[in-house]
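Hi everyone, thanks for coming. I'd like to walk you through a structure that is probably new to most of you, so let's bring it up and take a look together.

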Amino acid sequence: MRQRWSWLTVLAVLIAALISLPVLSVFSNVLSGGTSETWRHLADTVLGEFVWNTVILCVGVGLGAASIGVTAAWLTAMHDFPGRRFFEWALVLPLAVPAYVMAYVYTDTLQFVGPVQSWLRETFEWRRGDYWFPDVRSVGGAVAMFTFVLYPYVYMLARTAFLERAAGMLEAGRSLGLGPWGSFFRVSLPLARPAVVAGTALALMETLADFGTVSYFGVQTFTTGIYRAWFSLGDRVAAAQLSASLLAFVILVLLLERASRGRARFNNTSRNAGGAPRRRLSPPAGALAALACFLPLFLGFLLPGYLLLSMAITQGDAQFGPRFVQLSRNSFVLAAVTAVLAVLLAVLLAYAARLARSRLPEMLNRIVALGYAVPGSVIAVGVLIPVTRLDTRIAAWWEGAFGVNPGLILTGGIAALVYAYLSRFLAVALHTVEASLGKITPSMDDAARSLGHGKWATLGRVHVPILRGSLLTAGLLVFVDVMKELPATLVMRPFNFDTLATQAHTLAADERLAEASTSALSIVVVGLLPMFIISRQIVKGARGKG
């Protein structure tokens, strides 16, 4: 007997397919486009550099983010020392600072004419060539920027794993004669490995997706190559081929994360999980622990935040008036429209999967969720290719029917840009909504139906009131992600349409770093909102398990 789908399931399937279209478009153009002269030129000249720099970035950021994140998580979860209650939530704040903003700030501070080197020359009467100073605009500098911004991914997941698996496992380790270090390396760290690897994979995907930092530092990666192939060389096939290569790196990271688990299982079988007393550190050890937690927070948030605020107040953007209002309005409209649409679509997709008798909607939701792992530059190429073709056909039909060429309707406005944002960030809202919807027991649906409510009345009168807080969180997370997004905005924004992110990038590229501080600081301030929400959840979780 053939299974009949409800129109809600059909609608959810169509939406999921539409959101997944950009990635499929990239691959279809690679397969149908052949090998262009641009691609052969890139392969002969810079492709090897793209691969090498990408590998170096991944290895450096992976090791750095994992080391800092695990250390901070272990100290705040399992030990008591001065400032622990502050550090346990404050250590997530660097996520509010985009990596490209960090790059602008530290370049202005550490470059030859910056305050640090100027002070060294004045103090020691040095001249150029008398001393060596590390070049921040390098692959090593990019690794440092990404590490101090992205380590919170590892910190949050590892800390949760340490708290959840603490008491019983550590008691068993101590009964076998293991000391603090032995318990860490032989018990806690192996059990937390899935969380550490997952956090590191998130950091690596953000690194692969970045354009602003590597472009400003002059580090040649796949994202800079995609931008060059599309705008400088005008070759969409080469841009699609580079996008597919970058996507292959992302898939490789995901496969390595999956393969690292193997057949191992990390189930917590202890009945006494989460109640381990924190080990009180001696004053010298406590001071070292506080310093270990303070340094990444200082370098990743406090120092760049102070420098941004100082530059914005003392120098800032000369166009702070009407021009800045227009930039803020553009950013706010894009972020708000995308956030509202993302929440609505996430509710529809999650609810359709909950009600469907088929597993197809759930499987498509997993495909949609992969969009967050796809770099914005890849999404932009995947959107522009089919949408530009559709725009051209619409314009030709309109001119043939009415004798007037309407121009580019979709790509000439913000519609295509919002579509690209949805393809990239719908996963953020979907994960949040699915997690909260899964906590609502099916018996509540049955009770609503017994009272005569249909599926839409059940959603509106039962689920939405329960999900209100999660929907707000989902919308806020998408809002901030759109505010920070740079590569997709650079590639797809309409003519003469700038945002705070593109303004900061343009001014920094022109070496007008002080003027870029105003837009960059605005992005950081907006990014603090979801970080405070996450920090509150961390504190509540710590109190519940401590």
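Let's begin with a pair of helices, α16 and α18, which are oblique to each other. Please keep in mind that this is a predicted model. Why oblique? The axes of these two helices cross at roughly 135°, and an angle counts as oblique when it is neither under 35 nor over 145 degrees, nor in the range 65 to 115, so this pair falls into that class. The axes also come within 8 Å, with α16 covering residues 360–369 and α18 covering residues 415–437.

Which residues meet there? From α16 we have Asn365, Arg366, Val368 and Ala369, and on the α18 side Leu426, Ala427, Leu430, His431 and Glu434. Sorted by character, the residues of this contact are five nonpolar, two polar and two charged.

Now over to the surface. Phe332, Val333, Val337, Val340, Leu341 and Leu344 make up a nonpolar patch there, and together they have about 510 Å² of accessible area. Phe332 belongs to helix α15, residues 322–355.

How many salt bridges does a search of the whole structure find? Six. One pair joined in this way is Arg84 and Glu88, at 3.1 Å from N to O. Both sit in helix α4, residues 84–90, and they are four residues apart, about one turn of the helix.

My last stop is Ser245, in helix α13, residues 236–259. Setting aside neighbours within four places in sequence, Ser245 contacts Trp39 and Phe222. Phe222 is 23 residues away from Ser245 along the chain, and their C-alpha atoms are 7.7 Å apart.

How values were computed. Residues are numbered from 1 along each chain as its sequence is written. This is a predicted model: local features need pLDDT of at least 70, side-chain atom pairs count only at pLDDT 80 or more; totals for chains, interfaces and linings use all residues. Side-chain values use heavy atoms; hydrogens and water are left out. Axes are lines fitted to C-alpha atoms, for helices over the stretch in contact, and angles run from 0 to 180 degrees between N-to-C directions. Contact means heavy atoms within 4.5 Å. Ala, Val, Leu, Ile, Met, Phe, Trp, Tyr, Cys and Pro count as nonpolar, Asp, Glu, Lys and Arg as charged, and the others, Gly among them, as polar. Patches are made of residues with over 30% relative accessible area and no salt bridge: like charges are joined within 9 Å, nonpolar side chains (Val, Leu, Ile, Met, Phe, Trp, Tyr) within 5 Å. Accessible areas come from the Shrake-Rupley method with a 1.4 Å probe; for residues, only the protein chains shown count as cover. A salt bridge is a side-chain nitrogen of Lys or Arg within 4 Å of a carboxyl oxygen of Asp or Glu.
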